[in-house]
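Hi everyone, thanks for coming. Today I'd like to walk you through one protein structure, one piece at a time. Please have a look at it while I talk.

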Amino acid sequence: MIIDASPDDVWDALRDFGALHTRLAPGFVTDTRLDGDARIVTFANGMEAREILVDCDDARRRLVYAIVSERIRQHSASAQVFAESGGRSRFVWISDVLPNEIASYMDAQMDQGIKAMQKALEHSAA
């Protein structure tokens with residue numbers, strides 16, 4: 001996804017692990033609570049997820065997290081920000097999940113999340 005905002009601004013919002021609901025994906029995420037190296041995320045549909053911070057790499061502008069739950073056997077995701085021409089950013093979000101039966105649900109959720117991120121980040125850059 002291309003975002004009309006500087007890579008530094010997009011990375012600053014992404015790396016703010018506890019502010020997902022206010023800076024990166026407001027509306028899609030309604031609350032974020034920190035709990036040690038994890039965040040408890042409440043989504044607009046009422047679902048909650050415990051996302052564990054795996055890595056936050058400032059040099060590569062890359063954040064990695066994992067979800068552990070009874071419903072999801074395995075989930076790992078990375079989000080990375082790259083510089084594009086004209087001061088814009090490319091946001092790359094990759095997620096791997098098991099069981100395969102929930103992959104389509106996760107894809108749909110990520111599509112909604114990307115729209116919320118683009119709206120929030122481009123609005124804050126204006």
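I'll go through the core, one helix, a hairpin and two residues of one strand. Keep in mind that this is a predicted model.

Let's begin in the middle. Which residues touch the most other members of the largest nonpolar core? They are Leu14, Phe91 and Trp93, out of 31 residues in that core. Several elements feed into this core: helices H1 (7-15), H2 (20-24) and H3 (103-125), together with strands S3 (38-43), S5 (62-67), S6 (74-83) and S7 (89-98), each give at least two residues. H3 provides the largest share, with five residues.

Now pick out Phe91. Setting aside residues up to four places away in sequence, Phe91 touches Met1, Ile3, Val10, Leu14, Ala79, Gln80, Val81 and Met117.

Two of those names, Val10 and Leu14, come back when we turn to helix H1, whose buried residues are Pro7, Val10, Trp11, Ala13 and Leu14. Where do they sit around the helix? Looking down the axis of H1, the buried residues fall within an arc of 165°, so they line one face of the helix.

Next, the hairpin. Strand S2, residues 29-35, pairs with S3 in the antiparallel sense, over six bridges. One example to find on your screen is Val29, whose bridge partner in S3 is Phe43. Two residues lie between the strands of this hairpin, and Gly36 in the turn has a positive phi of about 65°.

Finally, let's look at two residues of strand S6, beginning with Ser78. Is Ser78 buried or exposed? Its relative accessible area is 13%, and the cut-off for buried is under 20%, so Ser78 counts as buried. Beyond residues up to four places away in sequence, Ser78 touches Arg62, Leu63, Val64, Val92, Trp93 and Ile94. You'll recognise Trp93 from the core.

The other residue is Gln74, also placed in S6. Gln74 has a relative accessible area of 31%, so it is partly exposed, since that class runs from 20% to 50%. Leaving out neighbours within four places in sequence, Gln74 is in contact with Asp96, Val97 and Leu98. Its side chain also makes a polar contact of 3.4 Å with the side chain of Ser76. As for Arg50, 24 residues away along the chain, its C-alpha atom is 13 Å from that of Gln74.

That's my tour, and thank you for listening!

Methods. Residues are numbered from 1 along each chain as its sequence is written. This is a predicted model: local features need pLDDT of at least 70, side-chain atom pairs count only at pLDDT 80 or more; totals for chains, interfaces and linings use all residues. Side-chain values use heavy atoms; hydrogens and water are left out. A nonpolar core is a set of buried Ala, Val, Leu, Ile, Met, Phe, Trp, Tyr and Cys residues joined through side-chain atoms within 4.5 Å. Buried means under 20% relative accessible area, exposed over 50%, partly exposed in between (1.4 Å probe, protein chains only). Helices (H or I, at least four residues) and strands (E, at least two) are DSSP runs, numbered from the N terminus. Contact means heavy atoms within 4.5 Å. Two strands pair if DSSP finds at least two bridges between them. The arc is that of the directions from the helix axis to the C-beta atoms. A polar contact is a pair of N or O atoms within 3.5 Å; within protein, one must be able to donate a hydrogen and the other to accept it, and residues adjacent in sequence count only if both atoms are side-chain atoms.
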